[in-house]
Amino acid sequence: MNDSRETLEGASALALPGAGRYALRRTRVLGRTLGAPSGPLDADGFGLVDILVDEGAIAKIAPAGAIDFGAMPEVAMAGRIALPLFVDVHTHIDKGHIWRRKRNRVGDFRSALAAVIEDRAANWTAPDVAARMEFSLRAAYAHGTAALRTHIDSVGAQTRISWPVFAEARERWRGRIELQASPLFSIEFALDDSHMADIEAMLDAHGTGILGAVTYMVPRLHEGLTRLFALAERKGWELDFHVDESADPAARSLKAVADMAIERRFSHRILAGHCCSLALQEEDERRTTIDAVARAGVSVVSLPMCNMFLQDRETGRTPRWRGVTALHELKRAGVHVMIASDNTRDPFYPYGDLDMMETWREGVRILHLDYPFADWAPAVSAFPAQAMGLDLGVLRQGGPADMILTRARDFTELLARPQSDRIVVRHGKASSARPPDYAELDALFGLAP
Ligand SMILES: [Zn+2]
C-alpha cells in the first residue's frame with residue numbers, strides 16, 4: 001500500500017464514501033476519546049483502530065487489523081488522527097463580529113465593556129443579533145463544533161430582543177449544533193425585582209435551563225448570589241457564572257460562589273468561567289478556594305485567548321502574565337476543567353472564529369496543556385460535553401459517525417498546524433461547510449466592500 005499518497009488525499013471531501021458502509025483503516029484515536037478500551041496506546045495516548053461506518057453511524061471500533069469487516073470501500077488512514085467533534089461551552093454569539101463598527105480603542109477590559117454597552121444600545125436589533133449569531137454558528141459548524149453554549153447580554157430592553165432570536169437560532173440549528181444559553185448581567189442586577197422578572201420570563205419562554213451572571217466584588221455580592229441560587233433552585237436550573245475576570249487578587253467571588261453552593265447543597269451543575277484572579281492570589285488562599293470549588297462540584301472553564309488579550313494590558317508595557325486561571329491546580333484537586341472560545345471579533349477579543357481547534361492549539365501553548373497531552377485533549381470535547389450534560393465528545397460504537405479527520409499522526413503534527421485541511425465528518429459524510437465570507441456582514445455595518 002502506498003501510504004503517503006493514498007491516505008488523506010484519498011479521503012478528501014470528494015473521495016470519502018458519501019454514505020453506506022465503509023471502513024477507516026488504521027486510524028489513530030485518543031484512548032480517552034473512545035467510549036470503550038480498544039487495544040494498546042502509544043506514548044501520546046493514541047490507539048490504532050479500524051472504524052466501520054455504516055449509514056451514518058459508527059458500527060464498530062476494533063484494534064487495527066483485528067477484525068475482517070469484509071469487502072467494502074476503505075479509507076487508508078495510515079495512522080492519521082481522528083478526533084471527536086468539538087464542544088464549545090463558553091461563547092458570546094450575540095456580541096460576536098461587531099468589531100468593524102465598534103473597536104476596543106485601548107485593548108483592555110474596561111474599554112471593551114464600555115464599547116459593547118454603546119454598540120448594544122445603538123445597534124442590537126433582532127435582525128442585527130440574528131445575522132451575527134448565524135454568521136458565528138456557520139463558522140463553528142464548518143470548524144467541527146457539535147455543541148455550543150452562549151451567554152446572552154440580558155439587561156434592559158435587550159433581554160426581550162435577544163432571547164427570542166436565540167430560540168429561533170436554536171431551532172434552526174437543531175441536529176447540527178446543540179445550543180444552550182445563559183443570561184449575562186452584572187450580579188447587582190439580581191437585586192432588581194423587575195430585572196429578575198424579565199429574566200425569569202425570558203428563560204421560561206426561550207431558555208435552556210441555565211441561569212447566570214457576572215460575579216465580582218460588590219458590597220451586596222452575597223445577597224445577589226442568594227437571589228440567583230434561590231431562583232435556580234426553585235426552577236431546577238443550572239448556573240453559569242463569569243467569575244473574577246480580573247488581575248486583582250482581591251477579586252474573590254469564586255470562593256463566594258463555591259461556599260454558597262456548599263451551604264445550600266445546590267444540586268444542579270455550576271460552571272464558573274475565567275476565574276483569572278485565582279492565579280494571582282497567595283498560595284494559601286488559592287488552595288483554600290480551590291478546595292471549596294472542588295467540594296462544591298463547581299466546574300471551571302478557562303478562556304485562554306480572550307484572557308491573554310485583555311489581562312495584564314497596559315499601553316507601552318509588556319505583559320508579564322498570560323491572564324489565565326490556575327487550571328492545573330484546579331484539575332489536580334479534582335475540579336472538572338475545560339477551555340472554550342469566549343469572544344469572537346468584538347471589543348473583548350478582536351480575533352477568533354469559534355474554531356475549537358484554534359482554542360485547543362492556543363490553550364496548549366498558553367496553559368501548558370501538553371504534559372501529558374492526552375489528559376488535556378478532552379478539555380475541548382468530552383469535558384465540556386459533560387458540563388453541558390450532553391453525550392458528546394467521544395467516539396463510540398453505535399454513536400453517530402461524527403468526527404474530524406486530520407493528517408496528523410502525533411500531537412505535535414496535530415498542534416503545529418491549524419488543521420485547515422481537516423475533514424469534518426457528520427453522520428458519515430464529509431461536510432462541505434466552510435466559514436462564511438466576512439463580506440456577508442458588510443450590510444450590517446453600512447459599509448461598502
Ligand atoms: Zn465570556
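Which residues form one aromatic cluster? F46, W360, F373 and F411 do. The model is predicted.

## Aromatic pairs

The whole structure holds 12 aromatic pairs. One of them joins F135 and Y438. The two rings are stacked, with 6.0 Å between centres and 25 degrees between planes. F135 belongs to helix α3 (residues 126-143), while Y438 sits in the loop between β16 (429-430) and α15 (442-445), so the contact ties together parts 303 residues apart in sequence. F135 is buried, at 3% relative accessible area. Y438 is partly exposed, at 43%.

F309 and Y351 also pair, but edge-to-face. Their centres are 6.0 Å apart and their planes stand at 90 degrees. F309 lies in helix α9 (residues 304-310). Y351 lies in the loop between β13 (337-339) and α11 (356-367). The pair therefore ties together parts that are 42 residues apart in sequence. F309 has a relative accessible area of 11%, so it counts as buried, the cut-off being under 20%. Y351 reaches 47% and is partly exposed.

## Charges over rings

F309 has a further contact. R313 lies over the face of F309, 4.2 Å from the ring centre. F309 thus has an aromatic partner in Y351 and a charged one in R313.

A second case involves W124. The charged end of R132 sits over the W124 ring, at 5.1 Å from its centre. R132 is also part of a salt-bridge network, together with R101, D119 and D128.

## Salt bridges

How many salt bridges does a search of the whole structure find? The count is 36. One of them pairs the side chains of R21 and D54, at 3.1 Å from N to O. This bridge links distant parts of the chain. R21 is in strand β1 (residues 21-30) and D54 in strand β2 (residues 46-54), 33 residues apart. R21 is partly exposed at 39% relative accessibility. D54 is partly exposed too, at 23%.

D204 and K235 form another bridge, at 3.0 Å from N to O. Here two helices are linked: D204 is in α5 (residues 193-206) and K235 in α6 (residues 221-235). The two residues are 31 apart along the chain. D204 is partly exposed, with a relative accessible area of 48%. K235 is partly exposed, with 28%.

The bridge between E283 and R287 lies within one helix, α8 (residues 283-296). The closest N and O atoms are 3.4 Å apart. Why are E283 and R287 separated by about one helical turn? Because they are four residues apart in helix α8. Both ends are partly exposed, E283 at 41% and R287 at 45%.

## The largest pocket

The largest pocket has a volume of about 570 Å³. Its lining counts 27 residues. Closest to the centre are F109, L113, S186, V214 and Y216.

Which element supplies the largest share of this lining? Helix α2 does, with five residues. α2 (109-123), β9 (210-215) and β10 (238-243) each supply at least two lining residues. By class, the lining has 14 nonpolar, seven polar and six charged residues.

## The second largest pocket

The second largest pocket encloses about 310 Å³ of space. It is lined by 13 residues, of which D108, F109, R110, E245 and Q311 are the closest to its centre. F109 is thus listed among the closest residues for the largest pocket and for the second largest.

α2 again gives the largest share of the lining, here three residues. By class, the second largest pocket is lined by four nonpolar, two polar and seven charged residues. The largest pocket, by contrast, has 14 nonpolar residues and six charged ones in its lining.

Technical notes: Residues are numbered from 1 along each chain as its sequence is written. This is a predicted model: local features need pLDDT of at least 70, side-chain atom pairs count only at pLDDT 80 or more; totals for chains, interfaces and linings use all residues. Side-chain values use heavy atoms; hydrogens and water are left out. On a 1 Å grid over the protein atoms alone, a cavity is a set of points where a 1.4 Å probe fits but cannot get out, and a pocket is an open set with protein on both sides within 12 Å along at least five of seven lines; lining residues have an atom within 4 Å of a point. Grid points are joined across faces, edges and corners, and a volume is the space filled by probe spheres set on the points. Ala, Val, Leu, Ile, Met, Phe, Trp, Tyr, Cys and Pro count as nonpolar, Asp, Glu, Lys and Arg as charged, and the others, Gly among them, as polar. A salt bridge is a side-chain nitrogen of Lys or Arg within 4 Å of a carboxyl oxygen of Asp or Glu. Buried means under 20% relative accessible area, exposed over 50%, partly exposed in between (1.4 Å probe, protein chains only). Rings of Phe, Tyr and Trp (its six-membered ring) pair if their centres lie within 6.5 Å; planes under 30 degrees apart count as stacked, over 60 as edge-to-face and the rest as tilted. A charge sits over a ring if NZ of Lys or CZ of Arg is within 6 Å of the ring centre and within 35 degrees of the ring normal.
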